[in-house]
Amino acid sequence: KKKVSFTKEQQALMKVIIDAYNKHQIPQDVAKKLLQDKYSTEENFLLLTEMATSQVQVLVEFTKNIPGFLSLDREDQIALLKGSAVEAMFLRSAQALNKKMPIGHTEVLEERIRKSGISEEFIKPMFNFYKSIGELHMVLEEQALLTTITILTPDRPYVKDQPAVERLQETALDLLRKMCVLHHPQEPQYFARLLGRLTELRTLSHYHAEMLASWRVNDHKFTPLLCEIWDVQ
Ligand SMILES: Cc1cccc(C)c1Nc1c(-c2c(F)cccc2F)nc2cccc(C)n12
């Protein structure tokens, strides 16, 4: 069994990221609504819009707790949030669908997504991704670090000081690599598989842009926060 040791800094970093990840969960009232409200296409879309809005709020709060993030240039902070929001939300909803939810919520959420007016061409890749994330059986530390690494992607549009973001991302990558060895000693390629999911996330964010456009065409209403993070309306 491979010995894995963490430096004091890495232990501190992991604690901060895990606390932030646990602290910023989708509020229970939003999750509860999934079970209660009606099942019409409109009702499903409204619920998902509310859930997406709360996911963005949770994402912003989580990001602010990433060590070093608030020391970045202010405009770069915005560029990183806007550039990573969809990918971080796909990761967060994948984790919610794969286990986080109390029994029965997962099927209900899946059903509402399928019956919310999203065309089949987006539903398929979305659920393939959710399944591929589920099959990884990530521990909480890995989920939180993968989300952190996604947010700290240096080559997002309009990021000015990329090296500063690279330095933060590399710290999280070093930690994730060790976490993978610790939690998946039998799978030497596990870390590479996790990073492979990030490539799939980029593809999904293109689908997401098309979903947004098709919702707009069908005159679906978004919340001000969703309009701001994705520059719509
Ligand atoms: C909350 C949710 C969960 C799973 C699937 C979907 C379609 C949603 N809902 C939305 C998403 C979205 C997301 F929040 C996470 C993952 C992928 C996403 F498409 N993005 C948006 C943008 C405008 C309106 C909505 C309803 N919406």
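Helices are DSSP runs of at least four residues, numbered from the N terminus. The legends below refer to a predicted model.

**Figure 1. Close-up of T153 in the loop between α7 and α8.** Helix α7 spans residues 140-151 and α8 spans residues 162-183, and T153 is placed in the loop between them. T153 counts as buried because its relative accessible area is 8%, and the cut-off for that class is under 20%. The side chain of T153 makes a polar contact with the backbone oxygen of I149, at 3.3 Å. Leaving aside residues up to four places away in sequence, T153 is in contact with L80, V165, Q169 and R202.

**Figure 2. Close-up of the ligand and its shell of residues.** The ligand is surrounded by 20 residues, of which T49, A52, M89, H208 and M211 are the closest. The side chain of H208 places an N or O atom 2.8 Å from a nitrogen atom of the ligand. On its own the ligand has 500 Å² of accessible area, and the protein covers 100% of it. The largest cavity is the space taken by the ligand. Two or more residues of the shell come from each of the helices α3 (41-64), α4 (74-100), α6 (120-134) and α9 (190-217). Helix α3 gives the largest share, with 6 residues.

**Figure 3. Close-up of I229 in helix α10.** Helix α10 covers residues 224-229, and I229 belongs to it. The relative accessibility of I229 is 9%, and therefore I229 counts as buried. When residues up to four places away in sequence are not counted, the contacts of I229 are V56, L81, K82 and A85. I229 and I78 are 151 residues apart along the chain, yet 9.1 Å separates their C-alpha atoms.

**Figure 4. Close-up of H137 in the loop between α6 and α7.** H137 is not a glycine, but its phi is positive, at about 50°. With a relative accessibility of 60%, H137 counts as exposed, a class that requires over 50%.

**Figure 5. Close-up of D231 in the segment after α10.** The phi of D231 is positive, at about 50°, although D231 is not a glycine. D231 is classed as exposed because its relative accessible area is 59%.

Terms used: Residues numbered from 1 in each chain as written. Predicted model: local features only at pLDDT ≥ 70, side-chain atom pairs only at ≥ 80, totals over all residues. Heavy atoms only, no water. Buried < 20%, exposed > 50% of the residue type's maximum accessible area, 1.4 Å probe, protein only. Contact = heavy atoms within 4.5 Å. Near = heavy atom within 4 Å. Polar contact = N/O pair within 3.5 Å; in protein donor to acceptor, adjacent residues only side chain to side chain. Areas by Shrake-Rupley, 256 points an atom, 1.4 Å probe, with all protein chains shown as cover. 1 Å grid on protein atoms, 1.4 Å probe; cavity = no way out; pocket = protein on both sides within 12 Å on 5 of 7 lines; lining within 4 Å. Sits in = over half its atoms within 2 Å of the grid points.
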